[in-house]
Amino acid sequence: MDHLGVEVETTDEVTAATSRLAAEGLATATEEDTACCYAVQDKVWVTGPGDEPWEVYVVKGDADVLDTPVGSVCCAPAAGTAGASPSAASACC
């Protein structure tokens with residue numbers, strides 16, 4: 001398993017999830033207007049109880065690229081951010 005994700009309808013829902021997760025004491029990493037899997041997305045990453053990365057995200061539109069810029073991997077948090085894990089950085093979607 002690479003990671004788990006929850007798609008929501010709006011950026012406001014991603015923001016609400018970020019607030020809710022942070023209020024529970026979880027470290028969060030947010031990305032805004034990131035290109036991932038040919039889609040522009042806003043997302044928040046957290047690490048689950050089994051060290052699995054989770055993302056809550058909204059698809060805002062189409063992107064011309066599959067992956068994010070140099071140094072990050074599509075559909076995985078950038079290395080060194082909350083929710084990042086070696087397995088998450090190994091594959092795309």
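1. Let me start with the pairing of S2 and S3: in this predicted model, the two strands run antiparallel to each other and share six bridges. One pair to look at is Thr 30, which stands opposite Val 44 in S3. S2 and S3 also form a hairpin, with two residues between them. In that turn, Cys 37 has a positive phi of about 55 degrees, so you may like to have a look at the backbone there.

2. On its other side, S3 has S4 as a partner. Strand S3 covers residues 39-47 and strand S4 residues 53-62, and their antiparallel pairing extends over nine bridges. Here Lys 43 is found opposite Tyr 57 in S4.

3. Now for the whole sheet. Its four strands follow the order S1-S4-S3-S2, and the sheet is open, with mixed pairing. At the edges are strand S1 (4-7) and strand S2 (29-36), each of which pairs on one side only. On average, and with direction ignored, neighbouring strands are turned by 30 degrees against each other.

4. Helix H1, residues 11-23, packs on this sheet and touches S2, S3 and S4. The direction of the helix makes about 10 degrees with that of S3.

5. Finally, a residue of the helix that I enjoyed following: Thr 18, which has its place in H1. Is Thr 18 buried or exposed? Its relative accessibility is 16%, and because buried means under 20%, Thr 18 counts as buried. Leaving aside residues up to four places away in sequence, Thr 18 touches Thr 28, Thr 30 and Val 44. Two of these bring us back to the first point, where Thr 30 and Val 44 stand opposite each other.

Notes
Residues are numbered from 1 along each chain as its sequence is written. This is a predicted model: local features need pLDDT of at least 70, side-chain atom pairs count only at pLDDT 80 or more; totals for chains, interfaces and linings use all residues. Side-chain values use heavy atoms; hydrogens and water are left out. Two strands pair if DSSP finds at least two bridges between them. Axes are lines fitted to C-alpha atoms, for helices over the stretch in contact, and angles run from 0 to 180 degrees between N-to-C directions. Contact means heavy atoms within 4.5 Å. Buried means under 20% relative accessible area, exposed over 50%, partly exposed in between (1.4 Å probe, protein chains only).
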